[in-house]
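Trainee: Could we go through the charged side-chain contacts here, one pair at a time?

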Amino acid sequence: MSRAERAKAYFLEGYACSQAVLLAFTDVCGLDETTASKIMLPFGGGLGRLRLTCGAVSGMAAVIGMVFSNGENSSENKKKVYAIVQELCGKFKAECGSLICSELLAGMKVPVEVGGTAEERTPKYYQKRACGDMVALAAQITEDYLQEKGVL
């Protein structure tokens, strides 16, 4: 199973979009599933259902930080990691048209509710939104980059 398929499977199990992407890379990031899930939960729904940056994009950025940051608070470390995140976000945006959760949902003709509680994950929920495909895309973009850089 590819990491994109794994990420989508996590999403379809009920994990938030942000969690699903990082969970597909826990082995590379040196994280256990529980820790990864806890870290990324608040980023789901475009950051706590505020419909800001897409959670799949946040998950992608988290993987990049875990793999390519050296842990230093130096401008060089930040410059390197930010450049990678910007490159991968550009690829995601080129495919999906936006990095913003509310804009992505509006493009799917899904009513955009800011805040509140997460919807129950039902077959109807998954039918009306392409979030699973965006999770898979974010994971694929990440996997391709990691392969290109010899990490995978």
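Mentor: A salt bridge is taken as a side-chain nitrogen of Lys or Arg within 4 Å of a carboxyl oxygen of Asp or Glu. This is a predicted model, in which local features need pLDDT of at least 70 and side-chain atom pairs count only at pLDDT 80 or more, whereas totals for chains, interfaces and linings use all residues. Residues are numbered from 1 along each chain as its sequence is written, and side-chain values use heavy atoms, with hydrogens and water left out.

Trainee: How many salt bridges does the rule give?

Mentor: Applied to this model, the rule gives a count of seven salt bridges.
One of them joins Glu119 and Arg129, and Glu119, Lys128 and Arg129 are linked in a network of salt bridges. The count asked for is seven.

Trainee: How far apart are the closest N and O atoms of Arg3 and Asp27?

Mentor: Arg3 lies in helix H1 (residues 3–12) and Asp27 in helix H3 (residues 26–29), so their salt bridge ties together parts 24 residues apart in sequence; helices are DSSP runs of H or I with at least four residues, numbered from the N terminus. The closest N and O atoms of Arg3 and Asp27 are separated by 2.8 Å.

Trainee: Is Arg129, the partner of Glu119, buried or exposed?

Mentor: Buried means under 20% relative accessible area, exposed over 50%, and partly exposed in between, with a 1.4 Å probe and protein chains only. Glu119, at 33%, is partly exposed. Arg129 has a relative accessible area of 9%, and therefore counts as buried.

Technical notes: Helices (H or I, at least four residues) and strands (E, at least two) are DSSP runs, numbered from the N terminus.
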